[in-house]
Amino acid sequence: MIHYDQFSFGAPPRSATSWFIKACTEVGLPDKPEDFVHNIPTKVEEKRYIVSTVRHPYDWLRSYFHAVKNMQIKPIYPFENHIHAATHNDFVRRVVLNDPGHICKLFDAYKASTVIRLEDLPWAAVGFFQTLGISRHKSEECRSLPKLNVGRNQIEKTDKYLRRMLVESEKDFCERYDYS
């Protein structure tokens with residue numbers, strides 16, 4: 001987690017964390033600490049106002065799978081048990097069958113007060129910054145930020161049936177964040 005004066009920010013890797021941290025810097029919040037690493041919290045200080053980002057579970061698993069395979073990030077439990085899968089779709093199938101609902105648990109670990117969907121960036125971030133008292137003009141500077149840390153080698157075609165299976169296995173998460 002990164003602790004700013006007015007809030008803390010944390011999210012699993014591959015969920016627009018680099019972009020959000022850069023946007024915070026752009027609007028005048030302090031730079032992230034040099035030693036920041038993605039850690040899934042085991043305990044969260046509930047008194048803090050916590051902001052997190054989410055993305056569609058299928059897209060998150062695709063990005064996560066390729067980032068681990070390309071050694072950009074370390075595996076996260078329980079997904080590490082399935083990372084030896086040959087393809088992204090095989091990986092998703094294993095997650096659906098063996099760990100349904102775990103993506104929801106992973107993102108819920110942050111106990112976020114505000115959750116911003118990756119699909120709603122940059123506008124949701126602009127609105128959030130304005131609630132902090134940052135001027136509209138300054139908040140909108142993050143609109144021009146490019147995507148950061150974008151995964152490569154994600155050529156595999158989306159398996160619509162598998163995507164529906166994952167949405168069903170992550171039903172609470174998908175309903176909460178309006179993913180289908």
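# Notebook: cores and helix packing

**Entry 1, the largest core.** I looked first at the largest nonpolar core, which has 28 residues, and noted that Trp60, Leu61, Tyr64, Phe79, Phe91 and Phe173 touch the most other members. At least two residues of this core come from each of H2, H3, helix H4 (102–108), helix H7 (160–169) and helix H8 (171–176). The most is given by H2, which supplies 7 residues. I keep in mind throughout that this is a predicted model.

I then looked up phenylalanine 173, and with neighbours within four places in sequence left aside, I found this residue in contact with Val54, Arg55, Pro57, Cys104, Phe107 and Tyr179. A second, separate core has 24 residues, including Ile21, Ala23, Phe128 and Cys142. As background I wrote down that nonpolar side chains tend to be buried together in soluble globular proteins.

**Entry 2, H2 against H3.** I turned next to helix H2 (residues 57–69) and helix H3 (residues 88–98), whose axes come within 10 Å and cross at roughly 120 degrees. Because of that angle, H2 counts as oblique to H3. The crossing in which H2 passes H3 is right-handed. On the H2 side I listed Tyr58, Leu61, Arg62, Tyr64, Phe65 and His66, and these meet His88, Asn89, Phe91, Val92 and Val95 in H3. Sorted by class, this contact of H2 with H3 has 7 nonpolar, 3 polar and 1 charged residues.

**Entry 3, H3 against H7.** For the pair H3 and H7 I noted axes 10 Å apart, packed at an angle of about 30 degrees. An angle of this kind makes H3 roughly parallel to H7. The two helices, H3 and H7, have a left-handed crossing. From H3, Asn89, Val92, Arg93 and Val96 meet Leu162, Met165, Leu166 and Ser169 in H7, and the residues of this contact divide into 5 nonpolar, 2 polar and 1 charged.

**Entry 4, aspartate 159.** I asked myself where aspartate 159 lies, and found this residue in the loop between H6 and H7. Its relative accessibility is 25%, so aspartate 159 counts as partly exposed. With neighbours up to four places away set aside, aspartate 159 is in contact with Tyr58, Asn89 and Arg93; I had already listed Tyr58 on the H2 side of the contact with H3, and both Asn89 and Arg93 on the H3 side of the contact with H7. I also looked up the separation of aspartate 159 from histidine 88, which is 71 residues in sequence and 9.9 Å in space, taken C-alpha to C-alpha.

**Entry 5, H1 against H5.** Moving to helix H1 (residues 17–26) and helix H5 (residues 123–131), I noted that their axes come within 11 Å and cross at roughly 40 degrees. That angle makes H1 oblique to H5, and H1 passes H5 in a right-handed crossing. Trp19, Phe20, Ala23 and Cys24 of H1 make the contact with Ala125, Phe128 and Phe129 of H5. By class, the residues of this contact of H1 with H5 divide into 7 nonpolar, no polar and no charged. Ala23 and Phe128 are among the residues I had noted in the second core.

**Entry 6, serine 139.** Is serine 139 buried or exposed? I found that serine 139 belongs to helix H6 (residues 136–139), and that this serine counts as buried because its relative accessibility is 0%. Not counting residues up to four places away in sequence, serine 139 touches Val27, Val126, Phe129, Gln130 and Ile134. Of these, Phe129 is one of the H5 residues in the contact with H1.

Key. Residues are numbered from 1 along each chain as its sequence is written. This is a predicted model: local features need pLDDT of at least 70, side-chain atom pairs count only at pLDDT 80 or more; totals for chains, interfaces and linings use all residues. Side-chain values use heavy atoms; hydrogens and water are left out. Axes are lines fitted to C-alpha atoms, for helices over the stretch in contact, and angles run from 0 to 180 degrees between N-to-C directions. Angles under 35 degrees count as roughly parallel, over 145 as roughly antiparallel, 65 to 115 as roughly perpendicular and the rest as oblique. A crossing is left-handed if the near helix is turned anticlockwise from the far one by less than a right angle, and right-handed if clockwise. Contact means heavy atoms within 4.5 Å. Ala, Val, Leu, Ile, Met, Phe, Trp, Tyr, Cys and Pro count as nonpolar, Asp, Glu, Lys and Arg as charged, and the others, Gly among them, as polar. A nonpolar core is a set of buried Ala, Val, Leu, Ile, Met, Phe, Trp, Tyr and Cys residues joined through side-chain atoms within 4.5 Å. Buried means under 20% relative accessible area, exposed over 50%, partly exposed in between (1.4 Å probe, protein chains only).
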